[in-house]
Amino acid sequence: MDSLTAAASVVAAALAVGLAAIGPGLGQGNASGQALEGIARQPEAEGKIRGTLLLSLAFMEALTIYGLVVALVLLFANPFS
Amino acid sequence: MTFFDGLNVTSAFPLAELEVGEHFYWEIGNYTVHGQVFITSWVVIALLLITSYLGTRNLERVPSGLQNFLEYALDFVRDIAKSQIGEKEYRPWVPFIGTLFLFIFVANWSGALFPWKIIELPESELAAPTNDINTTVALALLTVLAYFYAGISKRGIGYFKKYIEPTPILLPINILEEFTKPLSLSFRLFGNILADELVVAVLVLLVPLFIPLPVMALGLFTSAIQALIFATLAGAYIGESLEHGEEE
């Protein structure tokens, strides 16, 4: 791999993870806040809310993971090298 | 590959090896397969088989010990299937969804809990079988087959009418969805498990003792959740194709 491709790949990998973390971060914060509000309003529904929250948090996390997969491909299985 | 050889650090601690993208190749016929994934999957399968055999060998009316645990596991996967597919039709799909859940769950946890690193391979390393993209793609494609089978067996060729519902304008999007479903299923599982192992490996590289423990615990938690999500989504997709048949 020549050094230009390597440098570009590293920068691109960093950007892929960093940018992919923004959206899910906002979403997860939003979802957790709403869930807290729900629990505060209705403490008896805590178990149900927590289960649903964890599941949806994992879905949002998956979006960052896609960015991570792209970064890993760039680092370890670079198609341009 | 040579550029990032620096990342495959073989430090004083053999625990902290990072070997992404290196495989222990086996040649079977014309195919080249990743041997380390096969070995670990066989261990996982053997573990599941032995546990279920021992637990169900002599069934008792009042369960105790292992049988109790297995009944709990069965209840759990049955609830996943029931909540996604619905009371009426979930029963035939319990084996499929249960197998998916148990295999992925034990595979994910085996990566963290099983002392694979004791066994030395000439290349690559033993880890959770789900941290190889091929495993997760295979599982996702099985899910796709399953929900196509569910839809077609329920509704015949009319199943494909769902592509032009609610309007034919959405046809390209509906077809695209067929590709994004297995893609997201497989990438989600693969990425999460690999990310877990990478984070743990990097931390072990920096501070070998105690500090990585909370992250390992978090990894156990997320891998359990990922197994649950995979099974839930498979159930949801199957339930969706079955439901389409019921509308008419």
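**Helices and a hairpin in a predicted model**

Helices H1(A) and H2(A) are roughly antiparallel to each other. This is a predicted model.

Student: At roughly what angle do the axes of H1 and H2 of chain A cross?
Tutor: Let's find the two helices first: H1 covers residues 3–41 of chain A and H2 covers residues 46–76. Their axes come within 8 Å. Angles over 145 degrees count as roughly antiparallel, and the axes here cross at roughly 175°.

Student: How many nonpolar residues are in the contact of H1(A) with H2(A)?
Tutor: The contact residues divide into three groups. Two are charged and seven are polar. The nonpolar residues number 21.

Student: Over to chain B: why are the buried residues of H2(B) on the same side?
Tutor: H2(B) runs over residues 66–85 and reaches 28 Å from its first C-alpha to its last. Its buried residues are B:Gln67, B:Leu70, B:Ala73, B:Val77, B:Ile80, B:Ala81 and B:Ile85. They lie on the same side of H2(B) because they cover an arc of only 145° around the axis.

Student: Which exposed residues does the face turned away from that buried side carry?
Tutor: Exposed means over 50% relative accessible area. On the face of H2(B) turned away from its buried side, the exposed residues are B:Tyr72 and B:Ser83.

Student: Which residue in the turn between E1(B) and E2(B) has a positive phi?
Tutor: Strands E1 (residues 25–28) and E2 (residues 31–34) of chain B run antiparallel, joined by four bridges. B:Ile28 stands opposite B:Tyr31. The strands form a hairpin with two residues between them, and the one with a positive phi, about 60°, is B:Gly29.

Key: Residues numbered from 1 in each chain as written. Chains lettered and ligands numbered in written order. Predicted model: local features only at pLDDT ≥ 70, side-chain atom pairs only at ≥ 80, totals over all residues. Heavy atoms only, no water. Pairing = 2+ DSSP bridges. Expected span 1.5 Å × (residues − 1). Buried < 20%, exposed > 50% of the residue type's maximum accessible area, 1.4 Å probe, protein only. Arc of directions from axis to C-beta. Axes fitted to C-alpha atoms, helices over the stretch in contact; angles between N-to-C directions. Parallel < 35°, antiparallel > 145°, perpendicular 65-115°, else oblique. Nonpolar A, V, L, I, M, F, W, Y, C, P; charged D, E, K, R; others polar.
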